[in-house]
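User: Could you take a close look at the ligand site in this model for me? I would like to see how the residues there fit into the rest of the chain.

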Amino acid sequence: ALQLTLAVIKPDAIAHPLMSEALHQTILDNNFAIVRCKDLVWRKQDSERFYAEHSDRFFYQRLVEFMSSGPMRAYILAREDAIRHWRDLMGPTKVFQARYTSPASIRARFGLTDTRNTTHGSDSIESALREIHFFFPDFNVEQWIEKE
Ligand code: CMP
């Protein structure tokens, strides 16, 4: 069955036009349908709210600053098993782990640091619903699924 996921190209990758173009092409090459796509800039409080579950972690402040540091691009992507496929394409969160275990992955190829790691993807059906709503409050998931 078709599944939706929320994918983000983070400010480090959007800052480089060739990289955002390459990532867009990677999405298309991997049989995702782009359901929605928009460019946006977060205020610091958007960043804090989105990553609230990490507020106790040592990297929270730098993550919040980074994610509100410039433009990014959010996608709603559809595919069977979209959540897992997008996460496989990204590779592990930590760049050096990504380079070691999945050298062909997006984060291995383009990631700068564990924070500036190019992309985000929902990690479960529940987080996909939450994150789609966070980025695209007007998008109605149930309605979209019924039409498919
Ligand atoms: P993301 O998939 O957006 O989810 C949480 C983010 O926190 C993650 O990608 C990284 O950008 C950041 N992050 C996770 N772990 C670390 C870490 N160990 N050090 C720095 N940043 C991290």
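Analyst:

**The ligand site and its setting**

Happy to help! With 148 residues, the protein would be expected to have a radius of gyration near 15 Å if it were a compact globule, and its value of 15 Å agrees with that. Please keep in mind that this is a predicted model. The C-alpha trace spans about 40 × 35 × 25 Å along its principal axes, and 30% of the 148 residues count as buried.

Before zooming in, a word on the fold. The protein has 9 helices and 4 strands, and reading along the sequence gives the pattern β-α-α-β-α-α-β-α-α-α-β-α-α. Among contacts with a separation of 6 or more, 67% join residues 24 or more positions apart. UniProt, in an unreviewed entry, lists residues 2–143 as "domain: Nucleoside diphosphate kinase-like". Over residues 2–143, the chain is 47% helix and 20% strand, and the C-alpha atoms at the two ends of that stretch are 14 Å apart.

Now to the site. The ligand is surrounded by His54, Phe59, Leu63, Thr93, Asp114, Thr115, Asn117 and His120. By character, this shell divides into 2 nonpolar, 5 polar and 1 charged residue. Phe59 and Leu63 are the nonpolar pair, while Asp114 is the charged member.

His120 deserves a longer look, as it belongs to the ligand shell and also carries the "active site" annotation in the unreviewed UniProt entry. His120 sits in strand 4, which covers residues 119–121. Is His120 buried or exposed? It is buried, because 21 other C-beta atoms lie within 10 Å and the threshold for that class is 20 or more. Setting aside neighbours within four places in sequence, His120 is in contact with Ala7, Val8 and Lys10.

Thr118 is found in the loop between helix 7 (106–110) and strand 4, the strand that holds His120. Its backbone may catch your eye: phi of Thr118 is near 70 degrees, a positive value in a residue other than glycine. Thr118 counts as buried because it has 27 C-beta neighbours inside 10 Å.

Asp81 offers a second example of such a backbone angle, with phi near 55 degrees, again positive in a residue other than glycine. Asp81 is placed in the loop between strand 3 (72–80) and helix 5 (82–90). What is the burial class of Asp81? With 13 other C-beta atoms within 10 Å, Asp81 is partly exposed.

Finally, Phe66 links back to the ligand shell through a contact. Phe66 lies in helix 4, residues 60–67, and is partly exposed, with 18 other C-beta atoms within 10 Å. Leaving aside neighbours within four places in sequence, Phe66 is in contact with Pro11, Thr115 and Arg116; of these, Thr115 is one of the residues around the ligand. Leu63, another shell residue, falls within the range of helix 4 as well. As for Thr5, which is 61 residues from Phe66 along the chain, the C-alpha atoms of the two are separated by 22 Å.

To pull the site together: the ligand has His120 in its shell, His120 is buried and is in contact with Ala7, Val8 and Lys10, while Phe66 is in contact with the shell residue Thr115.

Definitions and conventions:
Residues numbered from 1 in each chain as written. Predicted model: local features only at pLDDT ≥ 70, side-chain atom pairs only at ≥ 80, totals over all residues. Near = placed C-beta within 6 Å. UniProt positions renumbered as here; feature names shortened; annotations may be inferred. Buried ≥ 20, exposed ≤ 12 C-beta atoms within 10 Å, placed from the backbone. Contact = placed C-beta atoms within 7 Å. Rg over C-alpha atoms; globule rule 2.2 N^0.38 Å.
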